[in-house]
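Please open the model in your viewer and keep the selection panel at hand; the stops below say what to select next and what is there.

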Amino acid sequence: MKHIMFDIDGTLLESTEIDSICFEAAVVSVTKIPIRKDWHSYHNITDSGILNEYFKDNNIQNQENTKLRIKEKFISNLKQALSVNSITEVPGAKILLRNLLCKNNISLSIATGGWLDSAVLKLNSAGISIEEIPIATSDDHYKRIKIMQIAKSRSVGNVNCACTYFGDGVWDKMASQELKYKFIAVGNKVNHSVKVDNFLNLQEIYRLLNI
């Protein structure tokens, strides 16, 4: 069996910009304290990981309650933004997922640094159903590596199988390397030898996956 894992923002969806804008606005709205927007500067680039570091930097107390309020505001911001403009898929993502689900000896999962509620909102906006695909999110852990491990476990349990991860960020590449997953970069934000611009060329994707 081969396991294939996907990030969401910038990988399955063209949603990185709207996600960042809504997240930043939610944080500032709740705390009234600016947040640094260079996500690369955080140790754990997930929604929970960024907030953990932000809370520590700004000596914010009652962190769980504050995080809940930020999450609720973030979801509200996203809903409002999506009511104006829906999110689009990275071209070919929907068809690729549908085709992979039909293949024997292939298991799928989604691992995202975002929270579950926001992930589902964005995927639904783009018309991508994940009812048949296990997912792990920032609700499960603040570390990306742990999120990826949880996603795989929810899909295949303790079965030892090769894993390929599609992601668009440097942090995706680093986590894949640490977990010894094959990494395929989506887009042009990561310097990597194996990359695709989108998922339109299914034969090329299958060749890279060796399926």
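**A tour of pockets and helix contacts**

Begin with the largest pocket, whose volume is about 420 Å³; a pocket here is an open set of points on a 1 Å grid over the protein atoms alone, where a 1.4 Å probe fits, with protein on both sides within 12 Å along at least five of seven lines, and lining residues have an atom within 4 Å of a point. The volume is the space filled by probe spheres set on the points, which are joined across faces, edges and corners. This is a predicted model, in which local features need pLDDT of at least 70 and side-chain atom pairs count only at pLDDT 80 or more, while totals for chains, interfaces and linings use all residues. Residues are numbered from 1 along each chain as its sequence is written, and side-chain values use heavy atoms, with hydrogens and water left out.

Of the 21 lining residues, select Thr 16, Ser 20, Trp 39, Ile 45 and Trp 171, which lie nearest the centre of the largest pocket. Helix 1 (16–31) gives the largest share of this lining, 4 residues; helices are DSSP runs of H or I with at least four residues, numbered from the N terminus.

Move next to the second largest pocket, with about 250 Å³ of space. Among its 13 lining residues, His 43, Arg 144, Trp 171, Met 174 and Ala 175 are closest to its centre, and helix 7 supplies the largest share, 5 residues.

Finally, select helix 6 (residues 144–156) with helix 7 (residues 170–179), where Arg 144 and Met 148 are among the helix 6 residues in contact (heavy atoms within 4.5 Å).

Notes:
Helix = DSSP H or I, 4+ residues; strand = E, 2+ residues; numbered from the N terminus.
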